[in-house]
Amino acid sequence: MHDDVGDSDEALVARISRGDREAFAAFFGRYAARVKAYLIRLGARGALAEDLAQDAMVAVWRRAASFD
């Protein structure tokens with residue numbers, strides 16, 4: 001078991017690239033609300049911002065191995 005709270009973003013992404021669901025949950029908890037808030041500031045309405053934030057998080061899950 002890992003201490004996800006203390007993991008750096010880089011460590012979480014590395015673990016996500018290996019299919020670690022706990023790391024993804026920690027990453028999601030750390031960034032999903034921030035991404036949604038950013039999208040709302042850009043003008044997206046609540047439900048759309050939520051959908052786009054979810055899409056961004058799914059992209060992290062699927063493409064984590066390609067991140068540098």
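**Helix α2 and its partners**

Trainee: In this predicted model, what makes Arg15 and Asp20 count as buried or exposed?

Mentor: Arg15 is buried, and Asp20 is buried as well. The word buried requires a relative accessible area under 20%, so both residues fall below that cut-off. Asp20 is placed in the loop between α1 and α2.

Trainee: Why is the pair of Arg15 and Asp20 called a salt bridge?

Mentor: The closest N and O atoms of Arg15 and Asp20 are 3.0 Å apart. The cut-off for a salt bridge is 4 Å, and the pair therefore qualifies. The side chains of Asp20 and Arg15 are also joined by a polar contact of 3.0 Å; here the limit is 3.5 Å.

Trainee: What does Asp20 do at the start of α2?

Mentor: A side-chain oxygen of Asp20 reaches to within 2.9 Å of the backbone nitrogen of Glu22. A polar contact needs N or O atoms within 3.5 Å, so this approach meets the rule.

Trainee: How many salt bridges are there, and which one involves Arg30?

Mentor: The count is four salt bridges. In one of them, Arg30 meets Asp9 at 2.7 Å, N to O, which is within the 4 Å cut-off. Arg30 belongs to helix α2 and Asp9 to helix α1, so the pair ties together parts that are 21 residues apart in sequence.

Trainee: Why is Asp9 called buried, exposed or partly exposed?

Mentor: Its relative accessibility is 28%. Buried means under 20% and exposed over 50%, so Asp9 lies in between and is partly exposed.

Trainee: What makes Lys36 and Glu50 a salt bridge?

Mentor: Their closest N and O atoms are 3.1 Å apart, against a cut-off of 4 Å. The pair links distant parts of the chain, with Lys36 in helix α2 and Glu50 in helix α3, 14 residues apart. Lys36 has a relative accessible area of 26% and is partly exposed; Glu50, at 32%, is partly exposed too.

Trainee: How do you know whether α2 spans the length expected of a helix?

Mentor: Helix α2, residues 21-41, has 21 residues and reaches 29 Å from its first C-alpha to its last. The expected span is 30 Å at 1.5 Å a residue, and the value is close to that. The helix nevertheless bends by about 35° at Tyr31. After α2 comes Gly43, whose phi is positive, near 115°.

Trainee: Which residues of α2 are buried, and what do they pack against?

Mentor: The buried residues are Ala23, Phe24, Ala26, Phe27, Ala32 and Leu39. They pack against α1 (9-17) and α3 (46-63). Beyond its neighbours within four places in sequence, Ala32 is in contact with Phe27, Ala53 and Met57.

Trainee: What makes a set of residues a nonpolar core, and which helix gives the largest share of the largest one?

Mentor: Its members are buried nonpolar residues joined through side-chain atoms within 4.5 Å. The largest core has 11 residues, including Leu12, Phe24, Phe27 and Met57. Each of α1, α2 and α3 supplies at least two residues of this core, and the largest share, five residues, comes from α2. In soluble globular proteins, nonpolar side chains tend to be buried together.

Notes
Residues are numbered from 1 along each chain as its sequence is written. This is a predicted model: local features need pLDDT of at least 70, side-chain atom pairs count only at pLDDT 80 or more; totals for chains, interfaces and linings use all residues. Side-chain values use heavy atoms; hydrogens and water are left out. Helices (H or I, at least four residues) and strands (E, at least two) are DSSP runs, numbered from the N terminus. The expected span of a helix is 1.5 Å times one less than its number of residues. The bend at a residue is the angle between axes fitted to the seven residues ending there and the seven starting there. Buried means under 20% relative accessible area, exposed over 50%, partly exposed in between (1.4 Å probe, protein chains only). Contact means heavy atoms within 4.5 Å. A polar contact is a pair of N or O atoms within 3.5 Å; within protein, one must be able to donate a hydrogen and the other to accept it, and residues adjacent in sequence count only if both atoms are side-chain atoms. A salt bridge is a side-chain nitrogen of Lys or Arg within 4 Å of a carboxyl oxygen of Asp or Glu.
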